[in-house]
Amino acid sequence: MHIREQLAIPRQLPRELDAEERLDNFDEVSKGFDEQTALVEANRCLQCRKPPCIMGCPIGNDIPRFIALMRERKFEEAYWTIRETSSMPSICSRVCPHEFQCEGACIRAKKDAPVAIGLLERFLADWMIINGKNLSPRCAPKNGLKVAIIGSGPAGITVAHALSHRGYNCTIFESLPVFGGMLSVGIPNYRLPRNIIGAELYALQQCGVNVKTGITVGQDLTLSELREQGYSSVFLGIGAYKSKRLGLDGENSTKGVMSGVDYLVKVLTGHEIALGDRVLVVGGGNVAIDVARVALRSGWKNVSILYRRTRDEMPASKMEVHHVEEEGVDLQFLTTPTRIISQNGQLTGVECIRMELGEVDITGRCVPRPQPGSEFIIEADALIGAVGQKVIPVHDATVPVEITPRGTYVVDPVTLQTSVDWIFAGGDTVLGPQTVAKAVCQGLDAAESMHRYMQGLI
Ligand code: SF4
């Protein structure tokens, strides 16, 4: 195809459920590309000689190569090209913020719209699942060495995948009652259907990975007990699942005030949470958006999101912001809560203040500043804070692993080895809250180091 023809192809849109079709269920909103649409979109890729999209991908997926194979309808080969660097394309393609990663770097983003790399990756992963293909490469014969993986999120799954295929006996210990960590209880089904997580679990089990849920290491089982049970090495991939506080007086004691992660975990594990008629969510990331959309789907109709910066600075993916607005959530920008108002211990309202953007800080974003005298009150029955998460390290006095003042593990930046030589750590546990792709990247690095450690090479 001539480059002029390629440039004339507009970015293809995925099939989606209409807003009114979505609100009484948790069905996946985006249905992805069908084969014909995927092939049209694949033809938009210019096969750049020095592809910036690869630089934008935290795990360095060979994007032009998998797209070139797709064009030849070699879907299985294209999938395995991604699997050279990614342990879970079906999940990354759904939940990674592509516009800030590969698609943000795509050359076509400069003139019109980037190639829909995430949707092409998703098409391939779905094609493999729909066609009953094996998602697991051949497993090496078992070498007799045991590895314990704490946490079944993206970093833990990646370590289990990499080491089980090299012959190690891997056991994943998950404190939640379900496999997948926050993938299962922090990301709602309408963004990540449970059968997709189930397919990744099945692929791990096919290579002999043992998954034990409902076990909290440090409480039910100590690190030294794991050592005594013959585990040669341990990977800590416990994630960053504790919500940061809003910093308001009465936050912990007022009924109706709660954290976004707690709310998602409860609803997504089957609990009913009564919110009331007027729901306020605070934050601009995907957790805030998910809280609002889950509240809507749970029957609470009057939901607003307060964000202290503007739409342009929102860390949530643009598609999620588009979806939440389509579903009727009211977005209030340059607004932050300053005071909880309650009666008899029950939230009745929130005092807020308008913000303005000031100078750019070291993160490259403008610092929001309160506008004195702009305070106003919003009536509210629920206030849900989703302003970031932090790491709560494993509490285990039997093996004191060094942690930083912000609660993340101290690791060697190359090997991801902690202060205890047989314990490695990676993902949000080390980086603080990050994307799934970055956790996968650290899982791959940690698995390589653990292998070298167990073989006496480091
Ligand atoms: Fe294709 Fe965009 Fe990557 Fe270039 S930067 S190879 S156009 S996906």
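Me: What makes the pair E72 and K74 a salt bridge?

Reply: In this predicted model, the closest N and O atoms of E72 and K74 are 2.9 Å apart. The cut-off for a lysine or arginine nitrogen and a carboxyl oxygen is 4 Å, so the pair qualifies as a salt bridge.

Me: Why is K74 called partly exposed?

Reply: The relative accessible area of K74 is 36%. Buried would require under 20% and exposed over 50%; K74 therefore belongs to the class in between.

Me: How do you know that E76 and K133 meet in a salt bridge?

Reply: Their side chains come to 3.4 Å, N to O, and the limit is 4 Å; the criterion is therefore met. This pair links distant parts of the chain, with E76 in helix α6 and K133 in the loop between α9 and β3, 57 residues apart.

Me: Why do E76 and K133 count as partly exposed?

Reply: E76 has a relative accessibility of 31%, and K133 has a value of 31%. The class runs between the bounds of 20% and 50%, so E76 and K133 both fall in it.

Me: What makes R166 and E448 a salt bridge, and where in the chain do they lie?

Reply: The N to O distance between the side chains of R166 and E448 is 2.9 Å. As the cut-off is 4 Å, the pair is therefore counted. R166 lies in the loop between α10 and β4, whereas E448 is in helix α18, 282 residues apart. R166 is partly exposed at 35% relative accessibility, and E448 is partly exposed at 34%.

Me: Which residues are joined into one network by salt bridges that share partners?

Reply: The network consists of R22, R191, D290, R293, R297, E320, E326 and E327. The structure holds 27 salt bridges.

Me: How do you know that R191 and D290 meet in a salt bridge?

Reply: The N to O distance is 2.6 Å, and a salt bridge needs 4 Å or less; the pair of R191 and D290 therefore satisfies the rule. Between domain 2 and domain 3 the count is 2 salt bridges.

Me: What is in contact, and how much area is buried, between domain 2 and domain 3?

Reply: Contact involves 12 residues of domain 2 and 13 residues of domain 3. The two domains bury about 990 Å² between them, 63% of it on carbon and sulfur atoms. V185, Y190 and R191 supply 52% of the area that domain 2 buries against domain 3, more than any other three residues.

Methods:
Residues numbered from 1 in each chain as written. Predicted model: local features only at pLDDT ≥ 70, side-chain atom pairs only at ≥ 80, totals over all residues. Heavy atoms only, no water. Contact = heavy atoms within 4.5 Å. Buried area = accessible area lost by both parts, 1.4 Å probe. Buried < 20%, exposed > 50% of the residue type's maximum accessible area, 1.4 Å probe, protein only. Helix = DSSP H or I, 4+ residues; strand = E, 2+ residues; numbered from the N terminus.
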